[in-house]
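Visitor: Hi, I've got a structure to look at and I'm not sure where to start. Can you walk me through it?

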Amino acid sequence: MSAEIASDQSTARPRQARALSPEHLRLQQDARRERNWKRWGPYLAERQWATVREDYSANGDVWNYFPHDHARSRAYRWGEDGILGICDRECRLCFALALWNGRDPILKERLFGLTGPEGNHGEDVKECYYYLDSTPTYSYLKGLYKYPQAAYPYLELVEQNRRRGRRAPEFEILDTGVFDQGRYFDVFAEYAKRSPNDILIRLTVYNRGPEQAPLHLIPTAWFRNTWSWGATSEGLSDHRPYLRLRGPTSLQLWHFTLGRWRLEAEPHQGQAPEFIFTDNDTNLVRLYGATTNGGFVKDAFHEYVIDARSGSINPRAVGTKAAALYLLDLPPGGSATVRLRLFAEEEAPGGEPFGPGFDETFRQRIAEADAFYAQVLPAELTAQESLVARQAYAGLLWSRQFYHYVIKDWLEGDPHQPKPPVSRKRGRNSDWTHLYNRDVLSVPDKWEYPWYAAWDLAFHMLPMARVDPEFAKAQLVLLLREWYMHPNGQLPACEFNFSDVHPPVHAWACWRVYKITASRGQRDRLFLARTFQKLLINFTWWVNRKDITGRHIFAGGFLGLDNIAMFDRSRPLPSGMRLEQADGTAWMAFYCGTMLAMALELASECPEYEDLASKFFEHFVAITDAINTVGGTGLWNEDDGFYYDQIHTNGLSTPLRIRSYVGLVPLLAVEVLERSVIDRLPGFRKRMNWFLHNRRDLARFITYMEGGDAQHAGRYLLAIPSQQKLDRVLRYVLDENELLSPFGIRSLSRAHLAQPFVVRIDDRDLSVRYVPGESDTNLFGGNSNWRGPVWFCLNYLLIEALERYHHFYGEQFTVQCPSGSGRRMTLLEVARELQTRLVRLFLPDSTGRRPCMGDDPRYATDPYWADLLLFHEYFHGENGKGLGASHQTGWTSLVTRCLESIAQARSSGRQAP
């Protein structure tokens, strides 16, 4: 099987042995279904408007069919959104913040951002909010929202970004000046669970400005609208739940499946809040010109608070949406704390809901969160490194979201709603009618990408496996289930087009999570077998659909790398042209190698897997042969020493000589086989020996199956590049004028700044040039860029590959790092160097500046900003500034894995470079 790299066994010097933390025990109770600790969490989306799920237009106009302006007035069909909110795992009952500073034209109930067409680099949230802490059972949660005291600059953000072109930076909310002189409120939201259904809520507001400032703080509870549609599918009903006044500071809540609950709101400075009520129903009058709404509507609190329309709220003190209205007036530097409590009546606290036990529960849960991370994080990390890891895990855990999307119902429409246009049945996702999603899922970014993406989720699960191993395994199994995976075997990509093709990394994630979540002899073989069996179906889909010529050279489309090519690789080329993809082909070898490793592991106890191991071994060799030899040299360019895509037309082959991640994916396809493992599998050993002896046409290259030297005897290497080719590619990878940046490996070589690659296709000149920051093209909406920035996902896979190469080649194989420096490193040392550069993105320099946070001095010197971190989608290839989605902690939380390896190097006495 493949090498057990060091991070699979122990992350660093273990802390002093101790009993499991209370949070670890809660995880065990939840996994055994003894106590439902994860029933409540931050599962509320941060943007439900302008999503595919809510789009019922004829032409798939997602951004305009349900815009931000409708969000406050229009009931959602498939989910809910809010600011730093929580809900139960079926999103029946929700709780979140609403705010008004006395100046805003709109009640602040949800985060604002630009749509894809509005932004000069696509959709982008225009708010300042941060995930500060979280445990995996959400026994403790903490987040921060920074709310300006001036009127929120909605129009300025839209107009300024409209004026800017693709080559200009985005105009951000910090650029408007609304946070200058500290004229804003810090609004902290904290949640602590006394028990699974008793949730303590503490909202603390600070006035950071120089003057007295008023604030309407409006914590809001509401039920997702499940009654307006006339549908009878799971979770929907004509039964209307309710919230009603129980007493001056208490609400009673009822839902037909949740049962009876209470929400208690503590008086502030002796003054009970005003409870206000309405219904989570669409305002037909405002949106569609109806003469009457026939009841109370979703945006009633906006009308009541801002427009002073007392008739907008229900005087009977009942509804499906209710809020406690607190009027705060804070002096400069002053603060106020508001406490609430949401609990099921059967778990009602004894005594006063806000007695001494309330703050004691918070103190205890915070201490338990610290104890949990004391056991998770390596002892060798510095205080700043631990801060990075803690906030990375917080962001990862905050990014779980209730996701509901039933394609059949969505296409056909609901009985009580207008019939959707017939064209939809031939449009987006119409061939995914089996898909039934109604789960809590790990999403990339709950505002910019409030939906799951198959390959993103796979990366998320590696850091997730450290803090919540059962959730990590369950997510990977879920995407392979019949109501997700297409009957033909394809995994759903993302809601914009489930038929898009993402890189096949799901098997790798299953294999890695299997190893991360337990030590040898204690691993979950049932999980491995379940996923392996379903992955066989997915692998077959890849082979049948993406190997067009049957020569083991694969296409695949854009493969998640958006604009990395000069054209959209997911669209057909002009007639007579065919694209052969270096990354598509290498991804399939990578997939084969992973399936081989899984099969060998399963075969150690179940001999029937030996045949499958043989199949994947031979398929790996065939793909490796093809990528190196088809047509003479395959997709390898001997002159340049790099792997390239090729276009075939009229019998001629043209390499697309772009040095990018595309040419690095072949390096990822590497597995180390231990002879001791092979010798225990007689069926596999016999077939392997026969193959090597009788198929010398495939086995003639030692790079395919190499015996180790004396130091590494008993090991075999399966890899696409030979040692010589690996060395040549790494010269580019480690060249600071090519792919090596101060903060990791760039997605496109810096050499293409002065030397853009140009090719003529269909009477058009198409080019690719190095763009280290935001995209300057509109390919894939222009909101991401693979032409220069640093991306964590591919960097991490390359680091793991280098560790496997080192496991085989050992100390004898060294390369210059950086290229031309004269400084030689083993491949393990190179891996640590890359990890160190990636981690450097988040650590403060001597001036306090963290590269990922850009040049705004607040993040370097202001005590209210300096320790706040964002984990962006990708990073500038020169200065490290975070770009793209600002809260894409999912795969960027892989920084925690890098920190573990760095800590391990310290523990072993081999310092990271």
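Visitor: Okay, which strands does H8 lie across?
Guide: H8 lies across E7, E8 and E9. Its direction is at about 100° to E7. Keep in mind that this is a predicted model.

Visitor: What sheet do E7, E8 and E9 belong to?
Guide: They're part of an open sheet of nine strands, in the order E7-E8-E9-E10-E19-E15-E14-E13-E17, with antiparallel pairing. The edge strands are E7 (128–134) and E17 (318–319), and each of those pairs on one side only.

Visitor: Which strands does H7 touch when it packs on that sheet?
Guide: H7 touches E7, E8 (140–148), E9 (184–195), E10 (198–207) and E19 (335–344). The direction of H7 makes about 90° with that of E9.

Visitor: So what about the two helices together? How do you even describe a pair like that?
Guide: In general, two packed helices are described by the angle between their axes and the distance between the axes. Here, the axes of H7 (residues 356–376) and H8 (residues 383–398) come within 12 Å and cross at roughly 110°. An angle from 65 to 115 degrees counts as roughly perpendicular, so that's what H7 and H8 are to each other.

Visitor: Which residues meet there?
Guide: From H7 you have Ala369, Asp370, Tyr373 and Val376, and they meet Arg390, Tyr393 and Leu397 in H8. By type, the residues of this contact are five nonpolar, no polar and two charged.

Visitor: Switching topic: is Arg26 buried or exposed?
Guide: Arg26, which is found in helix H1 (residues 22–31), has 5% relative accessibility. Buried means under 20%, so Arg26 counts as buried.

Visitor: And what is Arg26 in contact with?
Guide: If you leave aside neighbours within four places in sequence, Arg26 is in contact with Trp37, Thr137, Ser139, Arg365 and Glu368.

Visitor: Back to the nine-strand sheet for a sec. How many bridges join E14 to E15?
Guide: Six bridges join E14 (residues 250–255) to E15 (residues 259–265), and the two strands run antiparallel. For instance, His255 stands opposite Gly259 in E15.

Visitor: There's also a sheet with E22 in it. What's the strand order there?
Guide: That open sheet has three strands, ordered E22-E25-E26, and the pairing is antiparallel. E22 (577–580) and E26 (652–656) each have a single partner strand, so one side of each is left without a neighbour in the sheet. From one strand to the next, the twist averages 25°.

Visitor: How many bridges are there between E25 and E26?
Guide: E25 (residues 645–649) pairs with E26 over five bridges. One bridge puts Ile647 with its partner Thr654 in E26.

How values were computed. Residues are numbered from 1 along each chain as its sequence is written. This is a predicted model: local features need pLDDT of at least 70, side-chain atom pairs count only at pLDDT 80 or more; totals for chains, interfaces and linings use all residues. Side-chain values use heavy atoms; hydrogens and water are left out. Two strands pair if DSSP finds at least two bridges between them. Helices (H or I, at least four residues) and strands (E, at least two) are DSSP runs, numbered from the N terminus. Axes are lines fitted to C-alpha atoms, for helices over the stretch in contact, and angles run from 0 to 180 degrees between N-to-C directions. Buried means under 20% relative accessible area, exposed over 50%, partly exposed in between (1.4 Å probe, protein chains only). Contact means heavy atoms within 4.5 Å. Angles under 35 degrees count as roughly parallel, over 145 as roughly antiparallel, 65 to 115 as roughly perpendicular and the rest as oblique. Ala, Val, Leu, Ile, Met, Phe, Trp, Tyr, Cys and Pro count as nonpolar, Asp, Glu, Lys and Arg as charged, and the others, Gly among them, as polar.
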